[in-house]
Amino acid sequence: MEGVRKQLSVGAMWSAGGRVVSNLLGVVSMLALARLLSPADFGLVSLATIVLAIIAAITELSLSSALIQHKSPQREHYNTAWTLNMLRAAAIAVLLVSAGYPVAWAYQDDRLIGIFFALGGGALISGLVNPRLVDFRRRLSFHQEIFIDLINRVVGVVVAVVIALILRSYWALVIGTLASQVAGVIMSYVLLPYLPRISFAHWRNLFSFSGWVALSSGLNEVNWRADQLALGAMLGAGPLGQYTVGDRLASLPVRETTAPIAGLLFPVFARLQDDPERLRHAFLRSQGLLVAAALPVGIGFALVAGPFINMVLGPAWSSAALVAQVLGAVFAITAFKMPVTPLAMGLGCTRSLFQLDLAFIFVRFPLIFAGLVWGGLVGLLFARCISAAIGILMYVFLARRLTGVSVRAQLLVCWRSIAAALVMAGCVWGVGLMITDRSESLQLAIMIPIGGIGYFGASFVLWLASGKPAGPEREALDLLQFVRRGEFRTPA
């Protein structure tokens, strides 16, 4: 257990460092492009990428996950995964090209046709990626993957910004995506030389794991993208661009903060699948860490989203600020369910994920469409809050069934983080009311430190008052000692 824990800590540190840089690049890219392009440009490309995401999710094979879950994959396993990925990429390209014309007709914008063709070419490129990249995750060695991700992001950002400066067109978003995909494929073979061959030797074995994951992924993507498709159809590309940018900004702090932990969980849970007691302990630890990381950044960003977006994007993006304020808090509380998906995959219970996602569609769809029809954007945001709360309950009950950990235990492991987040929210909200007449930059300069002091101060006091129990606070102290001892080198 200690060896896995050390590898987990090293992997988390590498992931955290890489995600910080990637996060900064993503923020800079989005803000720069939002200044150079219009909300309608973002909305137009969002329509095409939503369709791509749905098609990709429906055809998702999760072959990388199947290789991680496999105890000893051989060369033919990798070749089979590469072959199936290539066939999937070709299918995605054909479906995208075929969808371009009807989608352009439905939304009355012929520019979508060219975007769909370009994204279809990008899908073919992505299908060539090296199948052996999964070995890095199997060994809990993440710095190579992080390096590839950073190269992809840098190339995509630079190309997109340059094209935006030259053309001031939505094509900057499309071409930047294509450039990032090309860079990713090239770097995957540079870092891990491998010559894949066409093979179908183990397709049944891989599909036995990935089949339910594919269905679950498809349902989940349709579920989460339906609101954007409906919003675009009812209100147009401009409001969709506002909603998309606000949604992306709101998800960014939570996603980037929790990714170093969440990205490690599947291989760890897969290793512990034959040891129920250690698995339960690892699940609760991961849930406590994810909630402790997500609440301050998600709720904190929601509290400062108004002045932040007004300052960096301007008054033209005022609706995006409202979206970010509401969804920042929504994304924060969804940290409760983050470890459940890798838990189910690590245990091979992918059918349970499919059944849960299927049931959740019948909860979320009616709420989303009713909110949008009756209340427009505000109604949609209200519906997302309700559906998020219901979804969390569904996931924590699934975790109870898979591990035996009660819902009460899952909530208790996070109670100090919840209380500290409430203290932080009260402090920031109170200070914000007193300085609403000041400049946005001054508001941010005051509110952000107040929020940080409020959260970490309350967390530390509650931890001391509780007798210094095991939990996120202890994990943070252990990590600091880990850094001081210089044990952050990647294990051989």
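Biologist: Why is Lys468 called partly exposed?
Modeller: Its relative accessible area is 47%. Buried ends at 20% and exposed begins over 50%. Lys468 falls between those limits, so partly exposed is the right label. This is a predicted model, so the label describes the prediction.

Biologist: Where does Lys468 sit?
Modeller: Lys468 is in the loop that links α17 to α18, the latter spanning 472-484. Its phi is positive, about 55°, and the residue is not a glycine.

Biologist: Which value of phi does Arg168 have?
Modeller: Phi of Arg168 is near 50°. That is a positive value, and Arg168 is not a glycine either. Arg168 belongs to the loop between α7 (143-167) and α8 (171-191).

Biologist: What makes Phe456 an exposed residue?
Modeller: Phe456 has a relative accessible area of 56%. The cut-off for exposed is over 50%. Phe456 passes it, so it counts as exposed. The residue is part of helix α17.

Biologist: How far is Phe456 from Pro296 in space?
Modeller: Their C-alpha atoms are 8.9 Å apart. In sequence, 160 residues separate Phe456 from Pro296.

Biologist: Why is Thr436 called exposed?
Modeller: Thr436 reaches 55% relative accessible area. Exposed means over 50%, so Thr436 qualifies. Thr436 is in the loop joining α16 and α17. From Thr436 to Pro307 the C-alpha distance is 9.3 Å, across 129 residues of chain.

Biologist: And what makes Cys427 partly exposed?
Modeller: The relative accessibility of Cys427 is 33%. That is not under 20% and not over 50%, so Cys427 is partly exposed. Cys427 is a residue of helix α16. Its C-alpha lies 9.3 Å from that of Tyr455, with their positions 28 residues apart in sequence.

Biologist: Now the helix pairs. Why is α16 called roughly antiparallel to α17?
Modeller: The axes of α16 and α17 (residues 440-465) cross at roughly 150°. Over 145 degrees counts as roughly antiparallel. The angle clears that limit, so the pair gets the name. The axes come within 8 Å. The crossing is right-handed.

Biologist: Which residues make the contact between α16 and α17?
Modeller: On α16 they include Trp415, Ala420, Met424, Cys427 and Val431. On α17 they include Ile446, Ile450, Gly454, Tyr455 and Leu462. By class, the contact of α16 with α17 has 16 nonpolar, 5 polar and 1 charged residues.

Biologist: What makes α2 oblique to α5?
Modeller: Helix α2 (residues 39-58) packs on helix α5 (residues 111-126) at about 45°. Roughly parallel requires under 35 degrees, and roughly perpendicular starts at 65. The angle fits neither range, nor the one over 145, so α2 is oblique to α5. The two axes are 10 Å apart, and α2 crosses α5 in a right-handed sense.

Biologist: What is the contact of α2 with α5 made of?
Modeller: Leu44, Leu47, Ala48 and Val51 are among the residues on the α2 side. Arg111, Ile115, Phe116 and Leu119 are among those on the α5 side. The classes are 10 nonpolar, 1 polar and 1 charged.

Biologist: How do α10 and α12 cross?
Modeller: Helix α10 (residues 237-271) and helix α12 (residues 318-333) cross at roughly 35°, and their axes come within 7 Å. This crossing is right-handed too. The contact includes Tyr243, Gly246, Asp247 and Val254 of α10, and Val323, Leu327 and Phe331 of α12. It divides into 9 nonpolar, 6 polar and 1 charged residues.

Biologist: How many helices and strands does the protein have?
Modeller: The count is 18 helices and 0 strands. Of the 492 residues, 51% are buried. Take the contacts with a separation of 6 or more: 83% of them join residues 24 or more positions apart.

Biologist: How do you know how confident the prediction is?
Modeller: The mean pLDDT of the protein is 83, and 84% of the residues score at least 70. Among the elements, helix α16 (residues 415-434) has the highest mean, 94. Helix α3 (residues 63-69) has the lowest, 62.

Biologist: Where does pLDDT stay under 50?
Modeller: That happens over residues 487-492. For this stretch the model has 16 contacts beyond four places in sequence.

Terms used
Residues are numbered from 1 along each chain as its sequence is written. This is a predicted model: local features need pLDDT of at least 70, side-chain atom pairs count only at pLDDT 80 or more; totals for chains, interfaces and linings use all residues. Side-chain values use heavy atoms; hydrogens and water are left out. Axes are lines fitted to C-alpha atoms, for helices over the stretch in contact, and angles run from 0 to 180 degrees between N-to-C directions. Helices (H or I, at least four residues) and strands (E, at least two) are DSSP runs, numbered from the N terminus. Angles under 35 degrees count as roughly parallel, over 145 as roughly antiparallel, 65 to 115 as roughly perpendicular and the rest as oblique. A crossing is left-handed if the near helix is turned anticlockwise from the far one by less than a right angle, and right-handed if clockwise. Contact means heavy atoms within 4.5 Å. Ala, Val, Leu, Ile, Met, Phe, Trp, Tyr, Cys and Pro count as nonpolar, Asp, Glu, Lys and Arg as charged, and the others, Gly among them, as polar. pLDDT is the predictor's confidence in each residue, from 0 to 100. Buried means under 20% relative accessible area, exposed over 50%, partly exposed in between (1.4 Å probe, protein chains only).
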